[in-house]
Amino acid sequence: MRCFGLSFGVSFLLVTAAMRFFQTVRRLRARQAVAQLGHRVCHRFPTSTKSQRSPPAPAIRLGALPFIPPLQPSANAGVVQTGGLTFLNRTERVGWPPAWEMGSPPKLWRYNLHYHDFLWKLPFDDAVTAVRSWIDSYPNGLDRVGWDPYPVSLRVQNWCMYFFGRHRAKMTDRPEVSEMLWASIFQQIAWLQKRIEWHLLGNHILENGAALSLAGATFDGATGDQWLQLGLDLLGKHLDDNVLTDGGHAERSPMYHSRLCQMLENLSRAGNEEISKLVQEPLKRAWAFLPLVSHPDGGISLFNDAALGIYPGVAELGMERSKPGVFALPDSGYYGALSNEGNYVICDAGPIGPDHQPGHAHGDTLSFELSVGGVRFVVDSGVLGYEGDRWRTYARSTRAHNTIELNRVDQSDFWGVFRVGRRAYPRSVTFTEDDRGFSLEGEHTGYDHLTGRPVHRRRFRWIDKGVLMVRDRIKGGSPVWARSHIHLHPDVAILPLSDRSLLLQRGVVSCTVVLAGAGRLSVEPSWYFPEFGCMYRNYVLVVSARGSELVSGFCMAPGKVLPTFDLERGARVDDVVYGW
């Protein structure tokens, strides 16, 4: 019997793993699936890494407009020159010139090293020293992270913009530097052309296209024209796929959307008419989107894989802040509003990402973030890192977001570092704007696989005075254990007013929370990851209940006035009644 039980258990695990794998790969696009197989074969049986010999260096034709540099808030020339580099809030002693082959830092840190973003903090001669060192000591190879297509794409863009854009005049006086850079860029582009990231698509293939387009716009002649055309073809085929009608990035990450804005703006400044014409419309849409998904403090909302301090935000890009009012971004699934007093809400009622590339997705369907008086009160988890440890697993989980978790199960099946099997889809989403604010209601399919097929349906009601009412309905054929989460910023202090109400205080700004309906309130410790490599203890308000039909909710209102709240009639704040 013991052997039978063990055999059954192993068989069950194998079937479960097979189903998860099937759910993951069945949504890949045909070319993407074939490229996934090719990518794995390529790494098992490496192809030749012999470099092509470059032709004579051509003339430079890059435009003279200033480019938007990478965001490197902790770097400066003095620190870099003394051998210290900080990426993702982690500092490593790399020496000067940097040691390019490093085994100890995480892969994403080493990726950042090979992007060469830090060049923008260096004077010209030191930047030349760093690049010459990289060229001499870091030849191509499939086992080297600096030659992965993604860092190649970002490095080529940085080299073109920094040397042939910002320091174009100096390059004219230093033909030997121009020859050196041309020869290396030629090799890198030749390498990249054979390794376009068809297996990933998404933001990766946009970066491949941007590198080819920018290199083509930089160098005159037949070779530059060839690169330019290939880059334009890639961007032409994939910009509409990645930039939605409402301007949002298809992967629903405000962080990668910030990068999209920076990348498209820089391409528009390359001085090439074909590139400018191609990016003009998607750039206009993307540019209008970013302020809407940014809090009054100027930082992005942290839905899906998102972190502060990685890419330029509204201020760094020179954008105007969002004006008070309601906004609806139905293609992305983000809805919200900003009041004159700095009260801001953003709700997520959209897909976790494109079906063929959900690698940056989190379990945040029907989640929200809230700022009161210009500062953040209710926050999403953010992201700590991409190394696949337990913190990555937690950051993606439903319990790390401001929504409801049933039976301790995630809305979507997150596994590996970037993979998703079964996934939640929003449905029956309705949005209405009125003279007081907006109403948003919807549900999702994330728990259809559970016994009784329970459904979580949530209704948001926002009043322009900063009052947020949320009503949750759980309905299914079998009892479930429901946990509703409200994650608070680490600087928020919690003062109990009663067993069903709390006063939240951050500095001089306060907010009152009142609960209604089913469930028991508890305050539990949690984690907040606003930046890569940074984790802070915070608290989460949890409302727990069990049943097959549950109705619960909460009201959040700015100030210290305790509102009365009813799940059917709405809330009374300062003798004003706000209905659903």
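This passage describes helix packing, internal cavities and two buried residues in a predicted model.

The N-terminal side of the account begins with helix α4, residues 107-115. This helix is mostly covered, with 8 of its 9 residues buried. The buried set consists of Leu-108, Trp-109, Arg-110, Tyr-111, Asn-112, Leu-113, His-114 and Tyr-115. These buried residues pack against two strands, β1 (84-87) and β2 (90-93), and against two helices, α5 and α6. Just after α4, the backbone at His-116 adopts a positive phi of about 65°.

Helices α5 and α6, both partners of α4, also pair with each other. Helix α5 covers residues 124-137, and helix α6 covers residues 149-166. Two packed helices are described by the angle between their axes and the distance between the axes. Here the axes come within 12 Å and cross at roughly 150°. The crossing is left-handed. On the α5 side, the contact is made by Phe-124, Ala-127, Val-128, Val-131, Trp-134 and Ile-135. Helix α6 contributes Arg-155, Trp-159, Tyr-162 and Phe-163. By class, the contact has 9 nonpolar residues, no polar residues and 1 charged residue.

Cavities were then considered. A search of the whole structure finds 4 cavities of 30 Å³ or more. The largest holds about 80 Å³ of space. Its lining comprises 13 residues. Nearest the centre of this cavity lie Ile-404, Ala-482, Ala-545, Leu-550 and Ser-552. Strands β14 and β19 (536-558) each supply at least two lining residues. The largest share comes from β19, with 6 residues. The lining divides into 8 nonpolar, 4 polar and 1 charged residues.

The second largest cavity encloses about 50 Å³. Tyr-150, Asn-203, Leu-206, Glu-207, His-249, Tyr-256, Arg-259, Leu-260 and Met-263 form its lining. Two helices, α9 (202-218) and α11 (254-268), each provide at least two of these residues. Helix α11 gives the most, with 4 residues. By class, this lining has 5 nonpolar, 2 polar and 2 charged residues.

Strand β14, which contributes to the lining of the largest cavity, also contains Ser-484. Ser-484 has a relative accessibility of 7% and therefore counts as buried, the cut-off being under 20%. Residues up to four places away in sequence aside, Ser-484 touches Thr-403, Ile-404, Arg-458, Asp-472, Leu-541, Val-542, Val-543 and Phe-554. One of these contacts, Ile-404, is among the residues nearest the centre of the largest cavity.

Leu-488 lies in the loop between β14 (467-487) and β15 (493-498). Its relative accessible area is 0%, so Leu-488 is buried. With residues up to four places away in sequence again left out, Leu-488 touches Phe-377, Val-378, Val-379, Ile-494, Leu-504, Asn-538, Tyr-539 and Leu-541. Leu-541 is thus listed for Leu-488 and also for Ser-484. The C-alpha atoms of Leu-488 and Val-540 are separated by 5.8 Å. Along the chain, these two residues are 52 residues apart.

Terms used:
Residues numbered from 1 in each chain as written. Predicted model: local features only at pLDDT ≥ 70, side-chain atom pairs only at ≥ 80, totals over all residues. Heavy atoms only, no water. Buried < 20%, exposed > 50% of the residue type's maximum accessible area, 1.4 Å probe, protein only. Contact = heavy atoms within 4.5 Å. Axes fitted to C-alpha atoms, helices over the stretch in contact; angles between N-to-C directions. Left-handed = near helix turned anticlockwise from the far one by under 90°. Nonpolar A, V, L, I, M, F, W, Y, C, P; charged D, E, K, R; others polar. 1 Å grid on protein atoms, 1.4 Å probe; cavity = no way out; pocket = protein on both sides within 12 Å on 5 of 7 lines; lining within 4 Å. Points joined across faces, edges and corners; volume = space filled by probe spheres on them.
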